[in-house]
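I sat down with this one and kept notes as I went. Here is what I looked up, in the order I looked it up.

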Amino acid sequence: MPDSSFDLSGRVALVTGANTGIGQGIAVALAKAGADIVLTARRDPSETRELVEAHGVRAHVVMADLSSTDPCERIVSETVDAFGRLDILVNNAGIIRRNDALEFTEDDWDAVMDTNLKVLFFLCQSAGRQMAANGGGSIINIASMLTFQGGIRVASYTASKSGVGGLTKLLANEWAAKGINVNAIAPGYIATNNTAALQADEVRNRQILERIPAGRWGDPGDIGGAAVFLASDAAKYVQGHILAVDGGWLAR
Ligand code: NAP
């Protein structure tokens, strides 16, 4: 008999940036585990919606631009209006800007910090208020290898993802006693739009592959199992953890 502690039936999960990439992979994995899914996107997420509904659960779309905190409270209230509750928040939406540190612009700093860190925090706050009032929930923030490492030519991305690691621990400290588990997943090199430039660069692509013990780029679906675990009762004593899903990158 399968272990029911991984079953998410009857729970409602909100996944940001779910129209593509890792967000789509996570939304589909949570749906497969039984959760109803609220997808936020700024572009048509109907492909993800169809993939989610194929698992026999409900899907609801909230259109939102996460470059500012304006939609944070609306996203949570629309989720509760649609499905009556919010049990799981996956803060996945994120962007990256590449330039030498000597040339890096304030615009590239602010855009990345706003979406990857500021909006992430205020969406945690809106969801956390709802979860605290309803006995608890699970929050999963999407971190990065650059939560642990420095990277190169991605100053604001490294700052934002290092911040995501710190915030995840702070929120775990404040909210664990309220029944809210706050953890993060740090994906390794995953083949998505976010990494298209690296995949297209022959030299960087080879260098990256040489360092990954698994010998391949990750697939968005590779992140889904970690999200199901962290969202489930199986992880109820896991707090403030940053779970690397990286094909062994950090071990090398
Ligand atoms: P992606 O395919 O580019 O997906 C990013 C998602 O975020 C998209 O749905 C995108 O929407 C959404 N988004 C970005 N800015 C937004 C905004 N202002 N408003 C609403 N939605 C917005 O890249 P990904 O690789 O799946 O990235 C997902 C997360 O994983 C990010 O936080 C990224 O930093 C993180 N990550 C990725 C890797 C990797 O190797 N790929 C590694 C570590 C961490 P649009 O499609 O409309 O742009």
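The entries below go from the whole chain to its cores and then to single residues.

**Entry 1: confidence**

I started with how far to trust the coordinates, since this is a predicted model. The mean pLDDT of the chain is 97, and 100% of the residues reach at least 70. I then asked which elements have the lowest and the highest mean pLDDT. Helix α6, residues 196–200, is the lowest at 92, and strand β4, residues 88–91, is the highest at 99.

**Entry 2: overall build**

I counted eight helices and seven strands in the chain. The radius of gyration is 17 Å, close to the 18 Å from the globule rule for 252 residues, so the chain is as compact as a globular protein of that length. Along the principal axes, the C-alpha atoms fill a box of roughly 50 × 40 × 35 Å.

I looked at burial next: 50% of the 252 residues are buried. The chain exposes about 11,500 Å², and carbon and sulfur atoms supply 49% of that area. For contacts with a separation of 6 or more, I noted that 69% join residues 24 or more positions apart.

**Entry 3: the annotation**

I checked the record too. An unreviewed UniProt entry carries the annotation "domain: Ketoreductase" over residues 11–188. In the model, that span is 46% helix and 19% strand, and its end C-alpha atoms lie 28 Å apart.

**Entry 4: the nonpolar cores**

Which residues have the most contacts inside the largest nonpolar core? I found I139 and Y189, in a core of 39 residues. The elements giving two or more residues to this core are β1 (12–16), α3 (72–83), α4 (106–133), α5 (155–175) and β6 (180–187). Helix α4 gives the largest share, eight residues. Apart from this core lies another, of 31 residues, including I37, I190, A227 and A231. I jotted down a general point beside this: in soluble globular proteins, nonpolar side chains tend to be buried together.

I followed I139 outward, leaving out residues up to four places away in sequence. With that filter, I139 touches L89, N91, C124, M131, W175, I180, N181, V182 and N183.

**Entry 5: Y189 and T195, in one loop**

Y189 sits in the loop between β6 and α6. Is Y189 buried or exposed? Its relative accessibility is 17%, and the cut-off for buried is under 20%, so Y189 counts as buried. Setting aside neighbours within four places in sequence, I listed its contacts as M145, L198, R204, I208, I212, W217, G218 and W249. I also took one distance: Y189 and K236 are 47 residues apart along the chain, and their C-alpha atoms are separated by 28 Å.

T195 is in the loop between β6 and α6 as well. T195 is buried, with a relative accessible area of 8%. Beyond four places in sequence, T195 touches R98, I190 and W217. I marked W217, since it is on the contact lists of both Y189 and T195.

**Entry 6: P71 and C72**

These two follow each other in sequence, so I looked at them together. P71 lies in the loop between β3 (59–63) and α3, while C72 is found in helix α3. P71 is buried at 6% relative accessible area, and C72 is buried at 2%.

Where do their contacts go, beyond four places in sequence? P71 touches A64, D65 and L66. C72 touches V119, F122, L123 and S126.

I added two C-alpha distances. C72 and F121 are 49 residues apart in sequence and 9.7 Å apart in space. P71 and I140 are 69 residues apart in sequence and 19 Å apart in space.

**Entry 7: R153**

My last stop was a backbone angle. Most residues other than glycine have a negative phi. R153 is not a glycine, yet its phi is positive, about 65°. R153 lies in the loop between β5 (137–142) and α5. At 39% relative accessibility, R153 counts as partly exposed.

Notes: Residues are numbered from 1 along each chain as its sequence is written. This is a predicted model: local features need pLDDT of at least 70, side-chain atom pairs count only at pLDDT 80 or more; totals for chains, interfaces and linings use all residues. Side-chain values use heavy atoms; hydrogens and water are left out. A nonpolar core is a set of buried Ala, Val, Leu, Ile, Met, Phe, Trp, Tyr and Cys residues joined through side-chain atoms within 4.5 Å. Buried means under 20% relative accessible area, exposed over 50%, partly exposed in between (1.4 Å probe, protein chains only). Helices (H or I, at least four residues) and strands (E, at least two) are DSSP runs, numbered from the N terminus. Contact means heavy atoms within 4.5 Å. pLDDT is the predictor's confidence in each residue, from 0 to 100. UniProt positions are given in the numbering used here, feature names are shortened, and annotations may be inferred rather than shown by experiment. The radius of gyration is taken over C-alpha atoms; the globule rule is 2.2 Å times the number of residues to the power 0.38. Accessible areas come from the Shrake-Rupley method with a 1.4 Å probe; for residues, only the protein chains shown count as cover.
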